[in-house]
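The following exercises concern the architecture of one protein chain. Each task is followed by a solution that proceeds step by step.

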Amino acid sequence: MKQLIFTCPTLKGELLEALDAAGNESPVLLLPQRLHSYPDELHDYLQDCIDRAAHVDRVILLPSGCGGSTVGLRAGSAPLVIPRSRDCIDILLSDRSLADAKKNRDGKGVFMTKDWAEFQKRSSLDYDTLVGQKGEDGARAFLKKVYGPFNHFYLIDTGCYELEPVQAYLQPTLDAIDGSLTVLPGPCGILKKVAAGLFDDDFCVTAPGDTVPKGFSMPNFD
């Protein structure tokens, strides 16, 4: 069966490793990182990708429920498969089912991986960039205002990268906001199911010509 996978760049490393382990050679297309912050634009971009997909038996979208961007998408000539997750964090924290993600997200805070840290380096929240713009005191004050009570970080250990460099990168930010860091396991169960072609109740499968319904993400999760 020929399938096409569209994914957020933040899942790239983990997805490719899961596909490689399963011997799955499905083509993977990365979505523009900036669209993560613009759900409406992401929706339109995804619909265009779906409409252009030809000669495939299945289209898989791994932005999941991010910002509601996948609700209302219309499947083209092939079924559309989307995890019933709220975002990429649920995908990484899932193990045997998406319910596992709930147990690991009980605490409120900021979730990180190597790829998200790389994204932050290019964003307005990069500590060194802020120090260059505002000075050290200004950078610390700015970060405290941005993060507010969310000063606890969770680093998801997916086994696809070294933790120490990411921890070292995050430390100045943690120091600035009087924050702390906890390492959580990231089994990436959803990605392993995608790689193995196991689409169970953790996935919304939309038939050709139909649209992704509202409320498809995480039934009975909250």
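**Exercise 1. The sheet of three strands**

Tyr154 has Thr182 as its bridge partner in strand 7. The model is a predicted one, in which local features need pLDDT of at least 70 and side-chain atom pairs count only at pLDDT 80 or more, while totals for chains, interfaces and linings use all residues. Residues are numbered from 1 along each chain as its sequence is written, and side-chain values use heavy atoms, with hydrogens and water left out.

Task. Determine which order the strands of the open sheet of three strands have, and which strands stand at its edges.

Solution.
Step 1. Helices (H or I, at least four residues) and strands (E, at least two) are DSSP runs, numbered from the N terminus. Two strands pair if DSSP finds at least two bridges between them.
Step 2. Six bridges join strand 6 (residues 152-157) to strand 7 in the parallel sense.
Step 3. The order of this open sheet is 5-6-7, with parallel pairing.
Step 4. Strand 5 (110-112) and strand 7 (180-185) each have a single partner strand, so they stand at the edges and one side of each is left without a neighbour in the sheet.
Step 5. Direction ignored, neighbouring strands of this sheet are turned by 30 degrees against each other on average. The axes used here are lines fitted to C-alpha atoms, for helices over the stretch in contact, and angles run from 0 to 180 degrees between N-to-C directions.
Step 6. Helix 7 lies across strand 5, strand 6 and strand 7, and runs at about 170 degrees to strand 6.

**Exercise 2. The sheet of five strands**

Task. Establish how the strands of the open sheet of five strands are ordered, and state which residues of strand 3 are paired with strand 1 and strand 4.

Solution.
Step 1. The order is 2-1-3-4-8, with mixed pairing.
Step 2. Strand 2 (28-30) and strand 8 (203-206) have a single partner strand each, so these edge strands have one side without a neighbour in the sheet. From one strand to the next, the twist averages 20 degrees.
Step 3. Strand 1 (residues 3-7) pairs with strand 2 in the parallel sense over three bridges, and Thr7 stands opposite Leu30 in strand 2.
Step 4. Strand 1 also pairs with strand 3 in the parallel sense, over four bridges; the partner of Ile5 there is Ile60.
Step 5. Strand 3 and strand 4 (residues 80-83) are joined in the parallel sense by two bridges, with Val59 opposite Leu80 in strand 4.
Step 6. From strand 3 (residues 58-61), Arg58 and Ile60 point one way and Val59 and Leu61 the other way, and all are buried. Buried means under 20% relative accessible area, exposed over 50%, and partly exposed in between (1.4 Å probe, protein chains only).

**Exercise 3. Two packed helices**

Task. Classify the crossing of helix 6 and helix 7 and describe their contact by residue class.

Solution.
Step 1. The axes of helix 6 (residues 127-147) and helix 7 (residues 163-176) come within 8 Å and cross at roughly 55 degrees.
Step 2. Angles under 35 degrees count as roughly parallel, over 145 as roughly antiparallel, 65 to 115 as roughly perpendicular and the rest as oblique. Helix 6 and helix 7 are therefore oblique to each other.
Step 3. Tyr127, Arg140, Leu143, Lys144 and Tyr147 in helix 6 meet Pro172, Thr173, Asp175 and Ala176 in helix 7, where contact means heavy atoms within 4.5 Å.
Step 4. By class, this contact has five nonpolar, one polar and three charged residues. Ala, Val, Leu, Ile, Met, Phe, Trp, Tyr, Cys and Pro count as nonpolar, Asp, Glu, Lys and Arg as charged, and the others, Gly among them, as polar.

**Exercise 4. Core and surroundings**

Task. Identify which element gives the most to the largest nonpolar core, and decide whether Thr113 and Asp201 are buried or exposed.

Solution.
Step 1. A nonpolar core is a set of buried Ala, Val, Leu, Ile, Met, Phe, Trp, Tyr and Cys residues joined through side-chain atoms within 4.5 Å.
Step 2. The largest such core has 45 residues, and Met112 and Phe153 are among those with the most contacts inside it. Helix 7 gives the most to this core, with six residues.
Step 3. Thr113, in the loop between strand 5 and helix 5, has a relative accessible area of 1% and is therefore buried.
Step 4. Asp201, in the loop between helix 8 and strand 8, has a relative accessible area of 70% and is therefore exposed.
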